[in-house]
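User: I am a first-year student, and I would like a close look at a single part of this model, with its surroundings explained step by step. Please take your time over it.

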Amino acid sequence: MHARMTLIEGSGDRLDEVVGQVESDVLPLLRGQSGFKGFTVMGDRSSGRVVAVSYWNSEDDMRASEEAVRESRERAAEAVGATGGPRVEHYEVLIDVEE
């Protein structure tokens, strides 16, 4: 399994806006991509940081979805008032536990 981590730094006062935008815009796009397995969004209201992690069956699936979600990711950064663009990193998931 693979994961794409996106970090956005903006205003903690606007986290609810980004959550609404992600639910209405980003999540439907992700669900429509081949190999999509799951999605987690975490935020810190004191720092304005938002971390989103999407999970994929394979590295190929993750990479193939990149262009489809690029514009939505930029809109999410705007929604939180990000001063810079989103930072994106790719990982292989080494351990994944659900209880």
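Where in helix H1 is the kink centred, and what is its angle?

Analyst: This is a predicted model, and what follows should be read with that in mind. Helix H1, which covers residues 15-31, has a kink of about 45°, and this kink is centred on Val22.

To place the helix, it helps to begin with the whole chain. The protein chain contains two helices and four strands, and, read from the N terminus, its elements follow the order β-α-β-β-α-β. The radius of gyration is 13 Å, close to the 13 Å that the globule rule gives for 99 residues, so the chain is as compact as a globular protein of that length. Along its principal axes, the C-alpha trace spans about 35 × 30 × 20 Å. Of the contacts with a separation of 6 or more, 72% are between residues 24 or more positions apart. Buried residues account for 37% of the 99 residues, while the accessible surface comes to about 6000 Å², with 45% of that belonging to carbon and sulfur atoms.

Now we can return to the helix and ask which of its residues are buried. In H1 these are Leu15, Val18, Gln21, Val22, Asp25, Val26, Leu27 and Leu30, so that Val22, on which the kink is centred, is itself one of the buried residues. A general point about helices is useful when looking at such a list: an α-helix has 3.6 residues a turn, so residues three or four places apart point the same way. The cover over the buried residues of H1 includes strand E1 (2-9), strand E2 (36-44) and strand E3 (49-56), and it also includes helix H2 (59-79).

Two residues of the helix, Val26 and Val19, show how the surroundings can vary. Val26 lies in H1, and because its relative accessible area is 9%, below the 20% cut-off, Val26 counts as buried. Apart from neighbours within four places in sequence, Val26 is in contact with Gln21, Phe39 and Ser72. The C-alpha atoms of Val26 and Val69 are separated by 6.9 Å, although these two residues are 43 residues apart along the chain. Val19 is likewise placed in helix H1, but its relative accessible area is 37%, and Val19 is therefore partly exposed. Between the C-alpha atoms of Val19 and Met42, which are 23 residues apart along the chain, the separation is 9.7 Å.

Beyond the helix, the chain enters the loop between H1 and E2, and this loop is the place of Gly32. With a relative accessible area of 61%, which is over the 50% cut-off, Gly32 is exposed. The C-alpha atoms of Gly32 and Ala68 are 9.7 Å from each other, and these residues are 36 residues apart along the chain.

The strands that help to cover H1 can be examined in the same careful way. Thr6 is found in strand E1, and at 8% relative accessibility Thr6 counts as buried. Setting aside residues up to four places away in sequence, Thr6 touches Val50, Val51, Ala52, Arg73, Pro86, Arg87 and Val88. Arg49, by comparison, has its place in strand E3, and at 41% relative accessibility Arg49 counts as partly exposed. Leaving out its neighbours within four places in sequence, Arg49 is in contact with Leu7, Ile8 and Glu9, as well as with Met42, Gly43 and Asp44. Arg49 and Ala64 are 15 residues apart in sequence, and their C-alpha atoms are 26 Å apart in space.

To bring the picture together, H1 is a helix with a kink of about 45° centred on Val22, and the cover over its buried residues includes strands E1, E2 and E3 together with helix H2.

How values were computed:
Residues numbered from 1 in each chain as written. Predicted model: local features only at pLDDT ≥ 70, side-chain atom pairs only at ≥ 80, totals over all residues. Heavy atoms only, no water. Bend = angle between axes of the 7 residues up to and from the residue. Buried < 20%, exposed > 50% of the residue type's maximum accessible area, 1.4 Å probe, protein only. Contact = heavy atoms within 4.5 Å. Rg over C-alpha atoms; globule rule 2.2 N^0.38 Å. Areas by Shrake-Rupley, 256 points an atom, 1.4 Å probe, with all protein chains shown as cover.
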